[in-house]
Amino acid sequence: MRNFPHKEVQPHGFAGKRLSGYAGIVAAAIVAALVLKTFVVGAILVPSGSMESTLLPGDCVLINKLVYGVRTPETLPFSESRFPAVRLPGLREISRGDVIVFRFPGDPDASRPGDPVYFVKRCIALGGDRVELRNGVCSVNDEMVPQPDGRQSSLGSGGSGSAGGEFGPVTVPKRGNSVALTPANYSAWENLIRREGHEVEYDLLVGVTIDGKTAKSYRFEKSYLFVLGDNRDRSYDSRVWGFLPQENVVGEAMMIYWSWPEEKPLGNLLPDLASIRWDRIGTYVR
């Protein structure tokens, strides 16, 4: 009797189970990536020179989203359903001097922000702090705040996107604190009150009204920050568009993971490689 080689027969469902296993691995990887991007780490490309020389145009920066507390998304992926966002407990509070990434609250003449745009600036003052800039010198609570690289600012020079050298003194709004409302300062607080969800008007006979009721003062419902670019001569920051709602902060700028001159187009490989700023890659943001 001849013995024929034994040929192993795979079960009919084996190939399907293998494909199902691969699909599960891919799905788990996608979910893990979404969780990391939403709750742990993000990235931003620096588009301008407002943070020079700490950050240069073309720097790609990792964002630590855990440090101040993750803000849950207002919409689910692939869905237009909206729900109230909640900030989870963080590792620490925002400190003066932190380089933060935040959702731009909007131009000074806009009562509501437009599409999400993300900025990176340095936090100079917290809610309740008194800020003043005079002759290129910034002070918080009567203490001078030097520029990170130690250079002197020529803030009076102006220029596109620049704020000029004189500002304040003004106290950064803090939740629970109040400000007196007068004809002289109404325009300074009008947009902030509107952005906190109220209707505010001024009439020569009636005075200031909030939600139809006469108001001599206003109690802030949110806490705010005052932010500046490290390149104070060329920065579009709190001096121009106002205070930053603390809830808009996404996280802290952590590390430069790639750096390429923004104006450098992709082309010939060798010249392009030579333009990579290798000395900046892997450096921490201070």
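Helices (H or I, at least four residues) and strands (E, at least two) are here DSSP runs, numbered from the N terminus. What you have open is a predicted model, in which local features need pLDDT of at least 70 and side-chain atom pairs count only at pLDDT 80 or more, while totals for chains, interfaces and linings use all residues. Residues are numbered from 1 along each chain as its sequence is written, and side-chain values use heavy atoms, with hydrogens and water left out.

**The whole chain**

Begin with the full cartoon, which shows 4 helices and 16 strands. Of the 286 residues, 38% count as buried, where buried means under 20% relative accessible area, exposed means over 50%, and partly exposed lies in between (1.4 Å probe, protein chains only). If you display contacts, defined as heavy atoms within 4.5 Å, then among those with a separation of 6 or more, residues 24 or more positions apart account for 64%. The protein exposes about 17200 Å², of which carbon and sulfur atoms supply 58%; accessible areas come from the Shrake-Rupley method with a 1.4 Å probe, and for residues only the protein chains shown count as cover.

**Strand 10 and the nonpolar patch**

Select Tyr 202, which lies in strand 10 (residues 200–203) and is partly exposed, with a relative accessible area of 32%. Adding Leu 204, Leu 205 and Val 206 to Tyr 202 completes a nonpolar surface patch with about 490 Å² of accessible area together. Patches are made of residues with over 30% relative accessible area and no salt bridge, like charges being joined within 9 Å and nonpolar side chains (Val, Leu, Ile, Met, Phe, Trp, Tyr) within 5 Å; a salt bridge is a side-chain nitrogen of Lys or Arg within 4 Å of a carboxyl oxygen of Asp or Glu.

Continue to Asp 211, in the loop between strand 11 (207–210) and strand 12 (213–214). The phi of Asp 211 is near 55 degrees, a positive value in a residue other than glycine, and at 43% relative accessibility Asp 211 counts as partly exposed.

**The open sheet**

Now select strands 5, 6, 7 and 8, which form an open sheet in the order 7-6-5-8 with antiparallel pairing; two strands pair if DSSP finds at least two bridges between them. Strand 7 (143–145) and strand 8 (167–171) are the edge strands, each pairing on one side only. Strand 5 (residues 130–134) pairs with strand 8 over 3 bridges in the antiparallel sense, and the bridge partner of Arg 130 in strand 8 is Thr 171.

Within strand 8, centre on Pro 169, where the peptide bond from Gly 168 to Pro 169 is cis, with omega near 5 degrees. Then move to Asn 141, in the loop between strand 6 (137–140) and strand 7. Asn 141 has a phi near 55 degrees, positive although the residue is not glycine, and is partly exposed at 36% relative accessibility.

**Strand 3 and a buried valine**

Next select Val 101 in strand 3 (residues 99–103), a buried residue with a relative accessible area of 2%. Leaving aside neighbours within four places in sequence, the residues in contact with Val 101 include Ile 44, Ile 63, Phe 119, Val 120 and Val 249. Gly 251 is 150 residues away along the chain, yet the C-alpha atoms of Val 101 and Gly 251 are separated by 5.5 Å.

**A last stop**

Finish at Ser 53, in the loop between strand 1 (41–45) and strand 2 (59–64), where a cis peptide bond with omega of about 0 degrees joins Glu 52 and Ser 53.
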